[in-house]
Amino acid sequence: MKSQQGLTVIFQPDNRKAVVPRGVTLLEAARKAGVAITTRCGGKAGCLMCKVRIEGQDAAAVRPAGDAERRKLGSLLHEGVRLACQAAVWDNVTVIVPEDPLKAAVRRKLEAARRGEEEDLW
Ligand code: FES
């Protein structure tokens, strides 16, 4: 549902929301929602660190990928992957933000340690 003030972007798995005007990038919406998305290229489709996933019909809720994004992502585009710095919000949308790789490694180690599968944390 569109609000009077703009479009709602929901970031999962943290269920954070931002209301933004049409045309704002997912990266800008994430910042507004307080969601950390790593970048190194300053939003120029250069680093590929801002990959997010948009599933199902929500794929149509962001503008189609431009040349730079298509070149960078290739077949990942067909799997719902988008560059947050390039994908512009066109309708209400839910975006899945992948877990930071370092955090994921730490989480796996902690879970294994809790299960007693590893004696040392590192
Ligand atoms: S911020 Fe670098 S590719 Fe999006």
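1. A good place to begin is the end of helix H1, which is followed by Gly-34, a residue whose phi is positive, near 80 degrees. Please keep in mind while reading that this is a predicted model, and that every angle, distance and area below is computed from it.

2. Helix H1 itself, which spans residues 26-33, has a clear division between its sides. Its buried residues are Leu-26, Leu-27, Ala-29, Ala-30 and Ala-33, and because they cover an arc of only 160 degrees around the axis, they lie on the same side of H1. An α-helix has 3.6 residues a turn, so residues three or four places apart point the same way. On the face turned away from the buried side, H1 carries the exposed residues Arg-31 and Lys-32. As for what lies over the buried residues of H1, the cover includes S1, S2, S3 and S5.

3. Which residues touch the most other members of the largest nonpolar core? This core has 29 residues, and the ones with that property are Val-9, Phe-11, Leu-26, Ile-37, Val-93 and Val-95. The elements that give two or more residues to the core are strand S1 (7-12), strand S2 (16-20), helix H1 (26-33), strand S4 (81-83) and strand S5 (93-96). Among these elements, H1 gives the most, with five residues.

4. Phe-11 deserves a separate look. When its neighbours within four places in sequence are left aside, Phe-11 is in contact with Arg-16, Leu-26, Ala-29, Ala-30, Ala-33, Val-35, Val-95 and Val-97. Several of these partners have already been met in this note, since Leu-26, Ala-29, Ala-30 and Ala-33 are among the buried residues of H1.

5. Val-35 can be read together with Phe-11. Val-35 has its place in the loop between H1 and S3, and it counts as buried because its relative accessible area is 12%, where buried means under 20%. Leaving aside neighbours within four places in sequence, Val-35 is in contact with Phe-11, Arg-16, Ala-30 and Val-97.

6. Is Thr-8 buried or exposed? Thr-8, which lies in strand S1, is buried, with a relative accessible area of 18%. If residues up to four places away in sequence are not counted, Thr-8 touches Ala-18, Val-19, Asn-92 and Val-93, and the last of these, Val-93, is also one of the core residues that touch the most other members.

7. Two points of backbone geometry in the loop between H1 and S3 should be checked by eye. Ala-45 lies in this loop and has a positive phi of about 60 degrees although it is not a glycine, while Leu-48, found in the loop between H1 and S3, has a phi near 60 degrees, again a positive value in a residue other than glycine. Most residues other than glycine have a negative phi, and most peptide bonds are trans.

8. The surroundings of these two residues can also be described. Ala-45 is buried, with a relative accessible area of 4%, whereas Leu-48 is partly exposed, with a relative accessible area of 28%. Leu-48 touches Lys-72 and Leu-83 when residues up to four places away in sequence are not counted. The C-alpha atoms of Leu-48 and Thr-38, which are 10 residues apart along the chain, are separated by 9.3 Å, and for Val-35 and Ala-45, likewise 10 residues apart along the chain, the C-alpha separation is 19 Å.

9. Where in the chain is the peptide bond that is cis, with omega near 15 degrees? This bond runs from Gln-12 to Pro-13, and Pro-13 has its place in the loop between S1 and S2.

10. The last point concerns the largest pocket, whose volume is about 550 Å³. Of the 20 residues that line the pocket, the closest to its centre are Ala-36, Val-97, Pro-98, Glu-99 and Asp-100. S1 and helix H3 (101-114) each supply at least two residues of the lining, and the residues of the lining divide into 11 nonpolar, three polar and six charged. Val-97, named here beside the pocket centre, is also a contact partner of Phe-11 and of Val-35.

Notes
Residues are numbered from 1 along each chain as its sequence is written. This is a predicted model: local features need pLDDT of at least 70, side-chain atom pairs count only at pLDDT 80 or more; totals for chains, interfaces and linings use all residues. Side-chain values use heavy atoms; hydrogens and water are left out. A nonpolar core is a set of buried Ala, Val, Leu, Ile, Met, Phe, Trp, Tyr and Cys residues joined through side-chain atoms within 4.5 Å. Buried means under 20% relative accessible area, exposed over 50%, partly exposed in between (1.4 Å probe, protein chains only). Helices (H or I, at least four residues) and strands (E, at least two) are DSSP runs, numbered from the N terminus. Contact means heavy atoms within 4.5 Å. On a 1 Å grid over the protein atoms alone, a cavity is a set of points where a 1.4 Å probe fits but cannot get out, and a pocket is an open set with protein on both sides within 12 Å along at least five of seven lines; lining residues have an atom within 4 Å of a point. Grid points are joined across faces, edges and corners, and a volume is the space filled by probe spheres set on the points. Ala, Val, Leu, Ile, Met, Phe, Trp, Tyr, Cys and Pro count as nonpolar, Asp, Glu, Lys and Arg as charged, and the others, Gly among them, as polar. The arc is that of the directions from the helix axis to the C-beta atoms.
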